[in-house]
Structures are given as structure tokens and as C-alpha cells.
Amino acid sequence: MVQSVKVSELVARAKLEVYAGAEFLKQRQITVSDISRPGLELTGYFNYYPHDRIQLFGRTEISFTKKMMSEERLMIFRKMCGKDTPAFIVSRSLPVPTEMLQAAKEAGIPVLGSNLATTRLSSLMTDYLEGRLAERRSLHGVLVDIYGIGVLITGDSGVGKSETALELVKRGHRLIADDRVEVYEQDEQTLIGEAPAILRHLLEIRGIGIIDVMNLFGAGAVRSDTPIQVVMHLETWTADKNFDRLGNGEETMQIFDVTLPKITIPVKIGRNLAIIIEVAAMNYRAKTMGYDATKTFESNLNQLIQQNTLEDEAAEAADKSNDALPNSPTEQDQNKDGGQA
């Protein structure tokens, strides 16, 4: 888990303009992802001032400061300069108050700007900081992007995860991470997976060693990160274990507070795991779009059973009807003749 982010990293990511305090960009650290819009503070109310957050000034805040006296503005901005305040940021390329520059210079706080709208800028910075500051968990597995679906391939060491990922890359899909996958929770329903910096774009193949996927297959064969949507677990096939054959067995895997669907794929000589995983990903997408082949099969089976039942009932009713009919005249004469004899 990253404990802090340098202000200089945020400047590069959000393409911020540095108005003042360039020498403090690497010294100031951001420790929380929340952004503060200091409205009440500009009125002098500092009881609950979040001094450890980035202070973002939009059109409302800047226009409010214009109605203040210069001495009042300087006093307020000095109060806002906490020891752990990362930076002041002004959106929409609005003019920066001189008193803000003076107070920030005294406290060693950078003053930054952007031409983006305030809400858009706040959202961009929050998403970036939440991703960088979120708790991370390292998982053993391979993460690939198959038709836009983040597939986490798990299984025991040596089962063939990396070799399967290599074949998937050759089939046009993209590698995110091999062997170790760094996972963090973006929100209550989304997990993001990425590779550790030391393993980025690299793939280990037994007998060959380490290969650079980006160098061999091009930039289109890799991604830096992706949302994880489904887990596919490779398990060595054994005769005594029952594997799902119809697709109606629902397994799940929980990572942090997010529950992911899990598909167990038996590994056996002669099975092309890459194609199986590719088709499984396509089938998962079809299910999310409302089409379930298993339900279609079950519906067809129920219709066949119902049709056979109706046919059996009709045949049984016909037999009973024939038994209830009176004998024909010839049969009656034969019965009479037999009786006379």
C-alpha cells in the first residue's frame, strides 16, 4: 500500500500548471484522496478544517475572495496553510489572488492551476489518488484482457498459467500481469489489477526464461491495468473429482469486499486451455448481456420432457378408448357361433 503521493506526481498526472512553489513539489506529500472545497473556511470558520487535503478553488471560491479586503484574504489564506497541506489548486485558469501566493510562499506550499472545470478536475484527481493510495493485495496468478474482459487466471504453480497467457497473447489478447497481480478496490463493486513495477510486461516461460511481451509482440499486446471481472481457476484433472458440465454450478471468489464469479477449468493432456478460456470469457460476456446457454438447454430439455409426456398421455388415452368400444358384428357372430358349438 502506498502511504503517500508526491505533489509532483499529481502535477504530471493531471497536467497541472505550476504558478508558485515549484521547489516544494517533491517535498509536499498527499496522504488522503479526498479533495477540499474551502467554502466555509473563506468565511472564517475553521473548526473542522481538513488541513491535510488538497485545497481546490473554483469559480465560487475565487469570486467570494474578491469581495474580501486584502488584509482579510491574507489572514484567511495564512490560516489555511497547514504544516501538512499538500497544495492549493485553482481551476478554470482563474486569476490567483496575490494573497494566496504570498501565504503559500511563506508556508512552502505549491500553488497550481488547471483549465479544467472544477468538478471535472476534482473527479480526475480523486480517481488517481484513490488508485494510488488504496490498500493493495498481491495475488498469485496471471491477469489478461480477453475481448475487454479482465480475466484472472489462478491455479497451482506449474499448472500452465503463463503458457496459457502466452498463447492468449498470440491470439490477440493483452497481458496485464504474470505470476503476481497487485489488486486494489476502486469502489464497492470494482477491483483493479495491475503488475508490480518489476514484472511489468514480463512473462516467465519454463525452459525459456523471462520474455518481454511488449518488445516481442508490440504495445498492443499489453495493458497497464484492468478491472477484474471473472476468475478462471486451472485445476489438474482427476477421475475422482466432478467438474461442472452444464455450466449451472455457480462458484465465487471474494477479494476485499467484492465477490467475483469463478470458473474451474480441468487441466488435462490434449486440452487447449487458451481456446477454452477465451470461449469461457465470451460465454461470460453473453451471460452479462442476458443470454445463458445453460438456461436455453434447460428450457429445451423441459419442452422435450413436456412434449414426450403429452404424447404418452395421448397414447394411453387412445388405448383406453379402444378398450371401451363394443365388439364389431363379425366378432359378435364369432362369439355366438362359438357359444352354439
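1. A pocket, as the word is used here, is an open set of grid points with protein on both sides within 12 Å along at least five of seven lines, and its lining residues have an atom within 4 Å of a point. This note covers a predicted model. The second largest pocket holds about 550 Å³ of space. Helix α6 contributes the most to the lining of that pocket, with eight residues.

2. The lining in detail. The second largest pocket has 21 lining residues. Those nearest its centre are Arg13, Tyr128, Tyr184, Glu194 and Asp225. By class, the lining splits into 10 charged, seven nonpolar and four polar residues. Three elements each supply at least two lining residues: α6 (118-133), β12 (180-187) and β13 (190-194).

3. The strands behind that lining. β12 and β13 are antiparallel partners, held over five bridges. A hairpin of two residues links β12 to β13. Within this pair, Val183 has Gly193 of β13 as its bridge partner. β12 also pairs with strand β8 (residues 136-140), again antiparallel and with five bridges. There, Ser138 stands opposite Glu182 of β12.

4. The five-strand sheet. Its order is β2-β7-β6-β5-β4; the sheet is open and the pairing mixed. β2 (17-20) and β4 (35-36) are the edge strands, each pairing on one side only. β2 runs antiparallel to strand β7 (residues 111-113), and three bridges join them. Val18 has Leu112 of β7 as its bridge partner. Helix α6 packs on this sheet and touches β4, β5 and β6 (88-90). The direction of α6 makes about 160° with that of β5. So α6 should be viewed twice: it packs on this sheet, and it gives eight residues to the pocket lining.

5. Phe57, in strand β5 (residues 54-57). Is Phe57 buried or exposed? Its relative accessibility is 0%, so Phe57 counts as buried, the cut-off being under 20%. Beyond its neighbours within four places in sequence, Phe57 touches Pro38, Leu42, Ile62, Phe77, Met80, Phe88, Ile89, Val90, Ser91 and Met100. One of these contacts, Ser91, lies 34 residues away along the chain, yet the two C-alpha atoms are separated by 6.3 Å.

6. Ser33, in the loop between β3 (29-30) and β4. Ser33 has a relative accessible area of 15% and is buried. Outside its neighbours within four places in sequence, Ser33 contacts Thr126, Leu129, Glu130 and Leu133.

7. The six-strand sheet. This sheet is also open and mixed, in the order β11-β9-β10-β17-β19-β18. Why do β11 and β18 each have one side without a neighbour in the sheet? β11 (174-177) and β18 (251-255) stand at the edges with a single partner strand each, so one side of each is left free of a neighbour. On average, neighbouring strands here are turned by 35° against each other, direction ignored. Helix α7 (residues 161-170) packs on the sheet. α7 touches β9 (142-146), β10 (149-155), β11 and β17 (230-236), and its direction makes about 20° with that of β9.

8. The β18 edge. β18 pairs with strand β19 (residues 258-267) in the antiparallel sense, over five bridges. Met253 has Leu260 of β19 as its bridge partner. Phe256 sits in the loop between these two strands, β18 and β19.

9. Two backbone angles to check. Most residues other than glycine have a negative phi. Phe256 has a positive phi, near 55°. Ser93 also has a positive phi, of about 55°, although it is not a glycine. Ser93 lies in the loop between β6 and α5 (98-107). How do the two compare in exposure? Phe256 is buried, with a relative accessible area of 13%. Ser93 is partly exposed, with a relative accessible area of 45%.

Technical notes. Residues numbered from 1 in each chain as written. Predicted model: local features only at pLDDT ≥ 70, side-chain atom pairs only at ≥ 80, totals over all residues. Heavy atoms only, no water. 1 Å grid on protein atoms, 1.4 Å probe; cavity = no way out; pocket = protein on both sides within 12 Å on 5 of 7 lines; lining within 4 Å. Points joined across faces, edges and corners; volume = space filled by probe spheres on them. Helix = DSSP H or I, 4+ residues; strand = E, 2+ residues; numbered from the N terminus. Nonpolar A, V, L, I, M, F, W, Y, C, P; charged D, E, K, R; others polar. Pairing = 2+ DSSP bridges. Axes fitted to C-alpha atoms, helices over the stretch in contact; angles between N-to-C directions. Contact = heavy atoms within 4.5 Å. Buried < 20%, exposed > 50% of the residue type's maximum accessible area, 1.4 Å probe, protein only.
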